[in-house]
Amino acid sequence: MDTLSLNTMNTNFYIEIAGTQKMDWKDKVVKWLQHVAREWSRFEPNNELNQINQLKVGEIGRISPALYDCLKAADNYYTLTNNIFSPYLKLHLEQHGYDRSFPFQESTYKAIQIEKKTNKPFLFLDHNEVLKTDNQLIDLGGFAKGYVVEKIADWLRQVSPEYGIVDGGGDMKMWSSGKKTWTIGIAHPFHIHEEISSIRIQNGAIATSNRIFRSWKQQGKEKHHLLDGRTGEVIISPILQTTIITNSLCQAEVATKLAFLLNEQELQVWFDKLQMPCACLIAKDDGSIYWLKGGEKLDVI
């Protein structure tokens with residue numbers, strides 16, 4: 001067994017694999033995570049994400065293949081979900097006071113009136129180029145973390161097929177040839193050291209979204225980081241936390257957001273539309289906790 005732990009992207013990462021002959025795997029993973037933390041964050045002023053956000057309408061910019069692939073994947077989910085999930089909420093997050101990296105408890109950012117409708121600001125061209133079509137700006141948020149965790153897991157699975165797990169602050173991808181079964185605890189929405197449930201799983205992905213941990217006050221109003229992609233407004237929901245277990249971490253990241261906005265029947269339709277085998281654990285502010293299941297059977301015990 002070989003392990004790696006580090007803190008980057010404002011997240012504690014833990015990686016465990018059965019062992020591999022590829023001795024430099026840790027260096028490659030660390031460099032990749034540090035690159036993403038530096039170049040894909042909306043809080044860095046002169047990085048790659050900022051450069052394409054600063055394009056003027058009508059201008060074309062070229063980006064790295066990895067960022068292009070991540071953004072295009074997020075844009076695909078933007079279309080599939082009819083804009084409920086959106087990577088184009090940077091301006092709206094800032095207006096709600098999320099203008100700096102956590103932790104903070106109160107924002108002094110004074111909001112101005114901006115267009116509530118969020119439009120798709122880029123057209124994807126060939127050769128990793130994008131055409132700016134609207135003044136909305138990108139914030140990849142948790143989707144970028146899920147994308148990176150999934151890519152690292154897919155790569156490590158090739159060099160260590162027996163078993164492994166990549167955990168980025170609770171968003172994780174794991175695999176096993178059959179001899180290893182992971183027992184994963186799901187944290188309490190208020191008390192991260194307590195568990196409300198657990199699962200046993202050999203292969204799959206898990207993502208959790210919580211409206212409590214990244215919350216703050218702005219001019220006396222309670223705000224959190226989960227916004228409705230159709231309006232840019234803070235989601236008002238009785239749900240405190242959602243956890244999705246499925247095969248793709250990128251799908252899981254999107255589905256956790258949808259669970260705050262869709263009722264159970266609508267969520268089930270979305271699972272079926274994507275032919276997405278999954279289990280969803282929902283915790284509400286009235287204390288109720290329950291599971292929903294969709295699609296085909298998962299490799300969950």
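How many helices and how many strands are in the chain? There are seven helices and 16 strands. The model is a predicted one.

**Overall form**

The chain has 301 residues and a radius of gyration of 19 Å, which agrees with the value near 19 Å for a compact globule of that length. Along the principal axes, its C-alpha atoms fill a box of roughly 55 × 45 × 35 Å. Buried residues account for 52% of the chain. The accessible surface is about 14,500 Å², and carbon and sulfur atoms contribute 48% of that area. Many contacts span the sequence: among those between residues at least 6 apart, 61% join residues at least 24 apart.

**The nonpolar cores**

The largest nonpolar core holds 63 residues. Within this core, I15, W40 and L140 touch the most other members. A second core is separate and has twelve residues, including A18, W182, I199 and I245.

What is L140 in contact with, leaving aside its neighbours within four places in sequence? The partners are W40, L67, C70, L71, A74 and P87. W40 thus appears again here, as a partner of L140.

**Salt bridges**

Side chains of opposite charge can pair when their charged atoms come close. A search of the whole structure finds 16 salt bridges. Three of them are set out below.

| Pair | N to O distance | Burial |
|---|---|---|
| K26 and D2 | 3.1 Å | K26 partly exposed, 28%; D2 partly exposed, 24% |
| R42 and D139 | 3.2 Å | R42 buried, 11%; D139 buried, 15% |
| E150 and K173 | 3.0 Å | E150 and K173 both buried |

The salt bridge of K26 and D2 links distant parts of the chain: K26 lies in helix α1 (residues 25-39) and D2 in strand β1 (residues 2-8), 24 residues apart. Why do both count as partly exposed? K26 has a relative accessible area of 28%, and D2 has 24%. Both values fall between the 20% and 50% limits, so the label is partly exposed.

The side chains of R42 and D139 also meet in a salt bridge. R42 sits in the loop between α1 and α2 (48-53), and D139 in the loop between β6 (129-132) and α5 (141-159), so the pair ties together parts that are 97 residues apart in sequence. Buried means under 20%. R42 has 11%, so R42 is buried. D139 has 15%, so D139 counts as buried too.

E150 forms a salt bridge with K173. This pair also links distant parts: E150 is in helix α5 and K173 in strand β8 (residues 171-176), 23 residues apart. D154 joins in as well, as E150, D154 and K173 are linked in a network of salt bridges.

**Strand β12 and its partners**

In a regular strand the side chains alternate between the two faces of the sheet. Strand β12 (residues 215-218) shows such alternation. W216 and Q218 point to one face and are buried. S215 and K217 point to the other face and are not buried.

Which strands pair with β12? Strand β4 (residues 106-107) runs parallel to β12, joined by two bridges. Here S107 stands opposite Q218. Strand β13 (residues 221-224) pairs with β12 in the antiparallel sense, over four bridges. On that side S215 stands opposite H224. β12 and β13 form a hairpin with two residues between them. Q219 lies in the turn and has a positive phi of about 50 degrees.

Methods. Residues are numbered from 1 along each chain as its sequence is written. This is a predicted model: local features need pLDDT of at least 70, side-chain atom pairs count only at pLDDT 80 or more; totals for chains, interfaces and linings use all residues. Side-chain values use heavy atoms; hydrogens and water are left out. A nonpolar core is a set of buried Ala, Val, Leu, Ile, Met, Phe, Trp, Tyr and Cys residues joined through side-chain atoms within 4.5 Å. Buried means under 20% relative accessible area, exposed over 50%, partly exposed in between (1.4 Å probe, protein chains only). Contact means heavy atoms within 4.5 Å. A salt bridge is a side-chain nitrogen of Lys or Arg within 4 Å of a carboxyl oxygen of Asp or Glu. The radius of gyration is taken over C-alpha atoms; the globule rule is 2.2 Å times the number of residues to the power 0.38. Accessible areas come from the Shrake-Rupley method with a 1.4 Å probe; for residues, only the protein chains shown count as cover. Two strands pair if DSSP finds at least two bridges between them.
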